[in-house]
Amino acid sequence: RHGDIETLKDTIEDMEYQPLKGQNKMLILDEVHAVSTKAWQSLLKIIEQPPAHAYFALCTTESKKIPETIKTRVTTYTLNSVSIKNLYDYASVVNEIEDLQRTDEMLRLIASNSNGSVRQLLNYLGVIRPAATLEEAASMIQTYVEDTTKPLYKIIQNVAKRNLDWKLLVDLAEQVESWGGKRVTFRTYV
């Protein structure tokens, strides 16, 4: 029900009320490009006239899908990819705090393979946790990447072949999402 009108209306209605603790409320909508047209209309209303205590953060990787009416009413911040050095530094801190006992070479490996993403870096830290050597860590990352992309490729192949076995497609989509992938929504058009 991600991005549907009912869920968003309930959330927006809740934003109208003062917080029970503190002075402000913040609504963070991740992957906001997946919001439906009707949901955007509801969101536009509160963005145009927000309560004094309400703040909104609309997060997306696909800014082209955000309606212009929304874009003209918000301040846009474009976040750049994190440098490999900063990823390595962050991995080193996590490694020390969590006592993961990963080598510098392993931390460099995951930093350079994280594509500028802290989330991906943390995923890789979990993936290589059982690795004893750099070679094992590299193999675990390769296996992880292959395993996380296989369900997505299966979805694409089945849809391309018009094999719309919904149970299979939903099962595959749940696998993708359980690995921190993007939410996949299936719609049928008659």
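In this predicted model, the largest nonpolar core holds 19 residues, and the members that touch the most others are Leu-107, Ile-110, Leu-121, Leu-125, Ile-128, Ala-137 and Ile-141. Four helices each put at least two residues into this core:

| Helix | Residue range |
|---|---|
| H4 | 84-97 |
| H5 | 104-112 |
| H6 | 118-127 |
| H7 | 134-160 |

H5 is the top contributor, giving five residues to this core. There's another core too, lying apart from this one; it has 16 residues, among them Val-35, Ala-39, Trp-40 and Ile-70.

Now for a closer look at Leu-125. Leaving out residues up to four places away in sequence, Leu-125 touches Ala-91, Val-94, Leu-100, Arg-102, Leu-107 and Ile-110.

Leu-125 is also one of the buried residues of H6, along with Leu-121, Tyr-124 and Val-127. Looking down the axis of H6, you'd find its buried residues within an arc of 160 degrees, so they line one face of the helix. As background, an α-helix has 3.6 residues a turn, so residues three or four places apart point the same way. At the N-terminal end of H6, Ser-117 acts as the cap, with a side-chain oxygen 3.4 Å from the backbone nitrogen of Arg-119.

Over in helix H4 sits Asn-95. Is Asn-95 buried or exposed? Asn-95 counts as buried because its relative accessibility is 12%, and the cut-off for buried is under 20%. Again setting aside residues up to four places away in sequence, Asn-95 touches Leu-100, Gln-101, Arg-102 and Leu-107.

Technical notes. Residues numbered from 1 in each chain as written. Predicted model: local features only at pLDDT ≥ 70, side-chain atom pairs only at ≥ 80, totals over all residues. Heavy atoms only, no water. Core = buried A, V, L, I, M, F, W, Y, C linked by side-chain atoms within 4.5 Å. Buried < 20%, exposed > 50% of the residue type's maximum accessible area, 1.4 Å probe, protein only. Contact = heavy atoms within 4.5 Å. Arc of directions from axis to C-beta. Polar contact = N/O pair within 3.5 Å; in protein donor to acceptor, adjacent residues only side chain to side chain.
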